[in-house]
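Reader: Could you take me on a close look at the inner spaces of this model, and then at the charged pairs around them? I would enjoy one connected account.

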Amino acid sequence: MTPPRRVLPGTTYLVTRRCSERRFFLRPSRVVNEIFLYVLAVAARRYGVCVHAVCVLSNHAHLVVTDSEGRLPAFMQYLDSLVARAVNASLGRFEGFWATDGSYSAVEPLDPADVVAKTAYVLANPVAAGLVRRGAEWPGLWTAPAQLAGTKLSVRRPKVFFDPKSHLPDVAELELTVPPGFASAEDFRALVSEALDGLEAKHQEEAASEKRRFLGAARVLAQNPFSRPQPGEPRFGLRPRIAARDKWRRIEGIFRLKTFLREYRQAWTARQSGASDAKFPAGTYLLRLMHGVLCAGAA
């Protein structure tokens with residue numbers, strides 16, 4: 001059984017979701033960019049999720065978000081479902097859209113410095129993948145450092161898939177906000193910009209030393225959305241749930257996560273044995289919503 005997620009209000013995450021078989025279903029186009037931005041804006045408002053940064057590559061998407069109300073699973077279910085159905089409709093397909101070897105990945109950066117590092121990682125992703133020399137050249141949905149913290153992105157409801165008579169808004173607005181722990185928007189933008197410059201320079205140097213050329217935006221746009229990169233899909237890799245550069249913060253975070261899993265299993269075992277008053281740890285999500293189990297208060 002997949003270990004339960006710990007879902008606590010106010011937690012910041014790097015969220016990643018991959019397309020089935022690494023296919024290029026999210027290949028940049030006006031329609032795909034509009035669909036993803038529109039659904040993201042609607043989902044963020046509906047579930048109280050604060051969005052800090054976004055990068056949508058051809059076969060996966062990265063988000064840096066803060067789950068203000070402890071509803072990340074519902075937010076991701078809504079986002080994934082609506083994006084999949086809308087993009088599938090634009091491609092004329094009906095099969096599974098997202099990878100099925102688990103769900104989305106949600107990694108918790110433990111300190112503001114880790115949030116900066118993960119945000120820069122997200123924005124440098126097109127360069128790390130050998131697609132463009134600079135993230136700003138990426139033709140897909142990508143939030144520039146200058147846009148972070150305070151920019152409002154507006155998008156009209158896409159004409160593909162969405163019923164013009166539906167309850168969804170004609171125009172959706174996504175405001176990029178400052179993650180917790182930063183003195184100001186300017187401070188966050190400056191730190192991310194500096195970290196991004198360093199990462200892009202590193203990836204450019206690596207490409208030059210290996211004599212690799214960047215694919216370029218034009219060739220990205222010309223890719224077949226049903227194709228995928230070679231070789232096949234990597235499997236059996238690590239699936240971290242926290243990120244911290246500081247060794248002791250990392251150890252502390254791992255200990256808290258292990259404590260949550262141990263207490264969850266103990267409560268689950270007790271409930272299976274008939275103890276309906278078994279108390280689950282703070283951060284228990286699905287059992288609390290669907291079955292009303294008792295939960296400890298958040299620490």
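Author: Happily; here is a walk from the cavity to a pocket, and then on to the salt bridges and a surface patch.

This is a predicted model, in which local features need pLDDT of at least 70 and side-chain atom pairs count only at pLDDT 80 or more, while totals for chains, interfaces and linings use all residues. Residues are numbered from 1 along each chain as its sequence is written, and side-chain values use heavy atoms, with hydrogens and water left out.

Let us start inside. Searching the whole structure gives one cavity of 30 Å³ or more. On a 1 Å grid over the protein atoms alone, a cavity is a set of points where a 1.4 Å probe fits but cannot get out; a pocket is an open set with protein on both sides within 12 Å along at least five of seven lines, and lining residues have an atom within 4 Å of a point. The largest cavity holds about 40 Å³, a volume being the space filled by probe spheres set on the points, which are joined across faces, edges and corners. Its lining consists of Val15, Thr16, Arg17, Phe36, Ala61, Leu63, Met76, Leu79, Asp80 and Trp98. Two or more of these residues come from each of β1 (11-18), β3 (60-67) and α2 (72-91); helices (H or I, at least four residues) and strands (E, at least two) are DSSP runs, numbered from the N terminus. Sorted by class, seven lining residues are nonpolar, one is polar and two are charged. Here Ala, Val, Leu, Ile, Met, Phe, Trp, Tyr, Cys and Pro count as nonpolar, Asp, Glu, Lys and Arg as charged, and the others, Gly among them, as polar.

Next comes the second largest pocket, with a volume of about 330 Å³. Of the 16 residues that line this pocket, Asp114, Ala117, Lys118, Tyr121 and Arg245 lie nearest its centre. At least two lining residues are supplied by each of α3 (112-123), α4 (125-128) and α5 (185-209), and α3 gives the largest share, seven residues. The lining of this pocket has eleven nonpolar, two polar and three charged residues.

Now for the charged pairs. The structure has twelve salt bridges, each a side-chain nitrogen of Lys or Arg within 4 Å of a carboxyl oxygen of Asp or Glu. One network of them links Asp111, Arg249, Glu252 and Arg256. Within it, arginine 256 meets glutamate 252 at 3.4 Å, N to O. These two are about one helical turn apart, because four residues separate them in helix α7 (residues 247-272). Arginine 256 is partly exposed at 30% relative accessibility, as is glutamate 252 at 37%; the cut-offs are under 20% relative accessible area for buried, over 50% for exposed, and partly exposed in between (1.4 Å probe, protein chains only).

Another bridge joins aspartate 170 to arginine 157 at 3.0 Å, N to O. Both sit in the loop between β5 (152-156) and β6 (171-175), 13 residues apart. Aspartate 170 is partly exposed at 46%, whereas arginine 157 counts as buried at 15%.

Finally, on the surface, Leu286, Leu289 and Met290 make a nonpolar patch of about 330 Å². Patches take residues with over 30% relative accessible area and no salt bridge, joining like charges within 9 Å and nonpolar side chains (Val, Leu, Ile, Met, Phe, Trp, Tyr) within 5 Å. Methionine 290 belongs to helix α8 (residues 286-291) and counts as exposed, because its relative accessibility is 58%.

Notes: Areas by Shrake-Rupley, 256 points an atom, 1.4 Å probe, with all protein chains shown as cover.
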